[in-house]
Amino acid sequence: MYKWFLAWRYLHTKLIAFFGIASVTLCVAMVLVVMSVMGGFLDTIRERSRGLHSEIVLDTGTLQGFPYYEEFQQYLQDNHKDVVSVTTPVIYTYGIFRVPATTYTRPSRVVGMRLNEYAQVNDFKQGLHYEHYFPGTTRLGPQRMPIGGIDDKQRLVLPADLEAANARWRESETDAEKKSEYTAHPYEMAMYPPYVTTQYPANRVYAFGDEGPGYVGPENSGVIIGCDLLNDRRNDGDFDRHLARGADIALTLMPISPAGNVTGEPPVRLPLRYVDDSRTGIFEIDDLCIYVDLDMLQHKLAMDPQTLADGGMTKARVNQLLISLRSGTDLETGKAIVAAAWEKFQESLGDQPSMTDMQLLSGVDVMTWEDLQRPFIQAVEKEKVLVTILFSLISLVAMALVGCVFYMIVEKKTRDIGILKAIGASARGVAGLFVAYALAVGICGAVLGTTLGVVFVWNINDIQAFLAALNPQLRVWSPEVYSFDKIPEIVNTWDALGVGVVAVLASVAGSIIPATIAGLIWPVKALRYE
Amino acid sequence: MLRAHNLYKSYAMGRASVDVLSGVSLSAKAGEFLVILGSSGSGKSTLLHLLGALDIPDRGDVEFHGKSVFQRTKKSREDYRNREVGFVFQFYHLLPELTVLENVIIPRLIGTPTFKWLSHRREAKKAAHAMLDRVGLSHRVKHRPNELSGGERQRVAIARALINEPTLLLADEPTGNLDEKIGAEILELLTEFNTAGQTIIMVTHDVRVAVRAHRQVRLTGGKIEKVAATKGSPALA
């Protein structure tokens, strides 16, 4: 009992103990911040990766793609309705993206999709900017440019369908603060003024007249553009949008034949209309990808059925088939069922496919979204383990520091040790006193460190914003480097508990040698110690 | 009650070995007040440490109630120091972080297992208050040692030594660090305890202090030189 009593008394009367507590606190906070940021990074990658794909993906890994996807969709529909929910084909290729009337050009990854189907298999639609404020207005088919008018109260008024869509959003939006943030005009809030007139060009006329809100320009296919490809990212993580919705975009593509040769002569040039921008939260994707209508892209890339010299027809090709499973279906089970179905389906084709088609079909892999992202996820997992080990090694310094602090305490308390032994304390009891003291130091350090770490992680983006406001050089998290636009702010409870427990154990371990020395001190020598 | 047989003790000083005790034998009876006299370096403190099992002799043994102290287990020797013997030191040796009451209670705390302590806590506090009352410090229970005078500190040390009601009180120059008046008060207090039946073995180099004892043992060069009994000594009875 006296061990705990004296340990408690030493804990709040000895200044030196606070150095021990401080070292444990800082180490716990440091390791927890690193683990949380890396863990959050990993979790975000998993979450976003899941949101990018469907549960199951058929992919060739080539630009030529694979044929017979429509037949396979039907096969799944006929035979595995109980497992497969939605299927949708995807084409990806590369092109050069240009904003006409500017010198802005960028290489980009062009994704062909059927937007409504695509939205059913993953979270893509949730990252669309205009679709959020004008629900139901983002589509990839041919369309003209919307243009606003200024009414007699000098307010911007959009075409009726956009006004109605925005009204629907306003009805469904429950956040009153968000709605009342800008009161000058209901749509300015959605658009974040002063860029409202750049997002919807306004006719500078009053009371509408003939040039009121409406649509102008030719009908071009819509294009959704990755938010970092077109806009300027602000420090608060949002974007400055300089291009009006509906603006002209030019895309240059090079079609690839089934054999893998470039067939476009000259390359295909597509006039498109900017309809929305997409934010997946992964910088590499948001800075590279643009999304267009699948059927239009398939046609332009000559991946749709082509007439052969002998009068026969080639099969349409796509690069991926995304398959969404019915809820409650285990991912691996779903993968096994789809893989088996794919094998059976190929067998059922018999001699139908040409030699080239057979090659393309044999290159198709059935993967889960985890398989698809595994190389990336595994690299981050390894990085997390490595960084945690490195920072844990640094924590050994704290252990050594606790050892030094306790050695000094034992030196200083030598005479007290003699007194305790003179009144009957055992060697083990005296050693136990210092271990109990270290345990108390460890517990205090772990609790304080965990609190500090958790508070730091929860506010890490605000802290960075504050530092960046003082000096932009102090911005350490770059979305270009770390993929995500925000530092993860999630602390895993088990990580926090684990770090705390390890810190307490390390603190106790650090005290073992000084405590043993204390226990072995001969009472007579201790009483004579000056 | 206590019997020391032929005790030898030497210490290494650099490469040389210094013989501090060279065959010391003595005994003390229950209720006796025995004083060990000697000049500085004569080995009197070493003898006291051996009697209290704070140190181990090179040769010889100490018997307490007929049982060898040094043939006991380590645990039994610790119990001996906790329950059978109480120590009073020249420099008080109080624990500076604890209050007067806590300093007095600490031997009880050491000698009681944790779970037993929870039920005996009140009784221990009561005993400590009673002991502090006997040494005249009931008004200082919440003070820290650095807030007390030398005499008060020594009274606390005496209370601590006697809290577990040991059979034997070993005092190492308890007045050596005090002025004459306060020293006399401490001596008076020890005499009171002795009169009440407490066996005391006290080490001192001051002959004036020694006259209070029943018996004086003079130690010179690590050997007993002279044993002198005073009137009323149980040794003479």
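**View 1. Helix α1(B) lies across three strands of chain B.** In this predicted model, helix α1 (residues 44-51) of chain B lies across β1 (2-13), β2 and β4 of chain B. The direction of α1(B) is at about 120° to that of β1(B); axes are lines fitted to C-alpha atoms, for helices over the stretch in contact, and angles run from 0 to 180 degrees between N-to-C directions. Contact means heavy atoms within 4.5 Å. Helices (H or I, at least four residues) and strands (E, at least two) are DSSP runs, numbered from the N terminus.

**View 2. An open sheet of four strands in chain B.** The strand order is β2-β1-β4-β5 (chain B), and the pairing is antiparallel. At the edges stand β2 (16-28) and β5 (67-68) of chain B, each of which pairs on one side only. Strand β4 (residues 59-64) of chain B is joined to β5(B) over two bridges in the antiparallel sense; two strands pair if DSSP finds at least two bridges between them. Opposite Glu63(B) stands Ser68(B), a residue of β5(B).

**View 3. A kink in helix α15(A).** Helix α15 (residues 369-412) of chain A has 44 residues and spans 61 Å from its first C-alpha to its last, close to the 64 Å expected at 1.5 Å a residue. The expected span is 1.5 Å times one less than the number of residues. A kink of about 55° in α15(A) is centred on Pro375(A), the bend at a residue being the angle between axes fitted to the seven residues ending there and the seven starting there.

**View 4. Ala302(A) and His93(B), two loop residues with positive phi.** Ala302(A), in the loop between α12 (294-300) and β13 (320-325) of chain A, has phi near 60°, a positive value in a residue other than glycine. At 27% relative accessibility, Ala302(A) is partly exposed. His93(B), also not glycine, has a positive phi near 50° and is placed in the loop between β6 (85-88) and α3 (100-111) of chain B. His93(B) is buried, with a relative accessible area of 7%. Buried means under 20% relative accessible area, exposed over 50%, and partly exposed in between (1.4 Å probe, protein chains only).

**Notes to all views.** Residues are numbered from 1 along each chain as its sequence is written, and chains are lettered from A and ligands numbered from 1 in the order in which they are written. Local features need pLDDT of at least 70, side-chain atom pairs count only at pLDDT 80 or more, and totals for chains, interfaces and linings use all residues, while side-chain values use heavy atoms, with hydrogens and water left out.
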